[in-house]
Every structure is written in structure tokens, then in C-alpha cells.
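I opened this structure to look up a few local features. My notes are below, in the order I took them.

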Amino acid sequence: MTSALSGTTAVLVGGSSGIGLAAGLLLRSVGARVVLVGRDPDRLEAAVSRVRGAGPAEGPDDAVLGVRGDGGDERTLAEAFDRAGHVDHIFITAGGIGGAGPLAGLSADDVRTTLGSRGWAPFAAARAAAAGLPAGGSLTFSSGILLVRPMPGMAVPLSLAGAVETLTRAFAVELAPARLRVNAVRYGRIDTPLLRSLPGLDSDDAVAAAGATLPLGRFGAAEEAAATALFLMANNHITGQVITVDGGETLV
Ligand SMILES: NC(=O)c1ccc[n+]([C@@H]2O[C@H](COP(=O)([O-])OP(=O)(O)OC[C@H]3O[C@@H](n4cnc5c(N)ncnc54)[C@H](OP(=O)(O)O)[C@@H]3O)[C@@H](O)[C@H]2O)c1
């Protein structure tokens, strides 16, 4: 895997935190060039500096780049590709639980706005991949196990995650003639800033106690989640697949 990724360039949309940042650290540590995309400038700058520190000191100046913007905006992706000059892989971890709320509390305008802006994001990524990745390149999306274990109030975010998994297969067949691969990772609960922003999960003890209920006895680490995306980037014969990383949570 290391030799397949060394010297490649990956755009990590959502790379300033959590799983995307962990992917940046792993990729840089195996000699890949990394472009981190995120909206918050301070978080992005801090992430760029952390990822720089994960690679060899003698790496090129552009070994780690930060591009500020909304990853669902084609202009942001175009800037990432322009600044990188050459891109082999795209990993999308931009997302979250925006749009959640009970059915009766949702307005048609809010739902249309969320589905419109966030529903477009995978298309923007796939169009950037189709236009800019070389044969052998890959696009990896993120989804979550709530898709198969839905909770009340999550209909809007889950419809977006469901679309991502469907689009993974649709884009995979559409982009296969160009020898591009498209996959997704379906995450269970992974210990990231996003998870720790949820009610009752803001301390190590709380995270450990909640994680102990999983078959493997803990929540996943961001590095474990990210390593699955690196595997999908590196393996040239996997496309249209969704791999679950959930510590066995959906087995029980
Ligand atoms: N952690 C879990 O337990 C879990 C479980 C299931 C699924 N997932 C999914 O896995 C993905 C990664 O989660 P995570 O836990 O790593 O989250 P995280 O720690 O909150 O990191 C998400 C990153 O995405 C960026 N981002 C969000 N929206 C963006 C946008 N529109 N454009 C560009 N960047 C954007 C955020 O930075 P800015 O806000 O500064 O842009 C941040 O860097 C998400 O899609 C999440 O829904 C996570």
C-alpha cells in the first residue's frame, strides 16, 4: 500500500479535522502529497501544519497545501486541482449531521436547501474526478451506519448518505471506462471532533463508556477509519464498493 501511494497526490475534502485529517497524516507519512480542503481558516491552517510535520523534512514546498472553501463548490475543487497541478485521488469526508430535526419541525425550504446544496456535493466531486484524475485514480466517499440503523430526526442527513452510496455504484460504472474507481466507507462511531460534539460524548470517560457497548469494546480511531480509505485508493481492482468500519456495531 505504501509504495502504491508514495508520490501520488490526494485531495482530502474535509481534511482539516477527524477522519480526513487522519488520512492526511497517514498519506504524508508514506510520501504522498496532500491537499486539504476545509472552510474554517484557522482549523485548516492548523491541519496543514500538522500534516507537514508528518512527512520527511526535505519534502517539496507544495507537499501539503490547504485550500479554503466549500467542498461542494466546483470552484473550490478547481482551485485544489490547479494548485496541486496533478491529482490522483480524492477522499470526501466533508459532512456532518446538518439538516437533522423532527419531521414536523422541518420546513420545505430548509429541506430543499439542504438537499440541494449537500446533494450536489458528490456530483461536484465526481465531475472533478472525471475531468481531472488520470487512469488509476480514485474517488472515495464517506457514509454512516445510521443508514441501516436509522434514528428519528435523521431523515434529511440519511437521505444524503443513502444517495452517496447509490452514487458510489452509479459513478463507478460511469467512470470505469476511464479506469477511475469510486468507493465509499460506511463509518460507525469514530472518535473524532464530530463524535465528541454529540451530547454526552465530550470527555474521554464518556467516549470509553459508550464505546464499551460495541462488540469490539470501543469506538473506532480516526486513523483506523482513514486507513480504509487509503486501502481503497491503493487497490486498483476495487470499485463500486461500500466497506463498513464500525467495530461490529451493526452485527448485533
Ligand atoms: N465520526 C463519526 O462517528 C462518523 C460516523 C458516521 C459517518 N461519519 C461521516 O464521516 C465524515 C467525516 O467525519 P468526521 O468525524 O471526521 O468529522 P469532523 O471531525 O467534523 O471533520 C469534518 C471535516 O469536514 C470539513 N467540512 C465539513 N463540511 C465541509 C464542506 N461543506 N466543505 C469543506 N469542508 C467541510 C470540516 O471543516 P470545516 O467545518 O472547517 O469546513 C472538517 O474538517 C462525515 O461525512 C461524517 O458524517 C462520521
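The entries cover the ligand shell, a helix pair and a loop residue.

Entry 1, the model. I am working from a predicted model, not an experimental one.

Entry 2, the ligand. I listed the residues around the ligand and got 28, with G14, G18, D40, G95 and G144 coming nearest. I then asked which elements each supply at least two residues of the shell. They are α2 (18-29), β2 (33-38), β5 (138-144) and α7 (193-196). Sorted by class, the shell around the ligand holds nine nonpolar, 14 polar and five charged residues.

Entry 3, the helix pair. I looked up how α4 (residues 74-84) lies against α5 (residues 108-132): the angle is about 35 degrees and the axes are 9 Å apart. The crossing of α4 past α5 is right-handed. On the α4 side I noted E74, L77 and F81 in the contact; on the α5 side I noted A124, A125, R127, A128 and G132. The class split for this contact is five nonpolar, one polar and two charged.

Entry 4, R179. I checked the backbone here and found a positive phi of about 60 degrees, in a residue that is not a glycine. Most residues other than glycine have a negative phi, so I wrote this one down. I placed R179 in the loop between α6 (155-175) and β6 (181-187). Is R179 buried or exposed? R179 counts as partly exposed, because it has 13 C-beta neighbours inside 10 Å, where 12 or fewer would make a residue exposed and 20 or more would make it buried.

Technical notes: Residues numbered from 1 in each chain as written. Predicted model: local features only at pLDDT ≥ 70, side-chain atom pairs only at ≥ 80, totals over all residues. Near = placed C-beta within 6 Å. Helix = DSSP H or I, 4+ residues; strand = E, 2+ residues; numbered from the N terminus. Nonpolar A, V, L, I, M, F, W, Y, C, P; charged D, E, K, R; others polar. Axes fitted to C-alpha atoms, helices over the stretch in contact; angles between N-to-C directions. Left-handed = near helix turned anticlockwise from the far one by under 90°. Contact = placed C-beta atoms within 7 Å.
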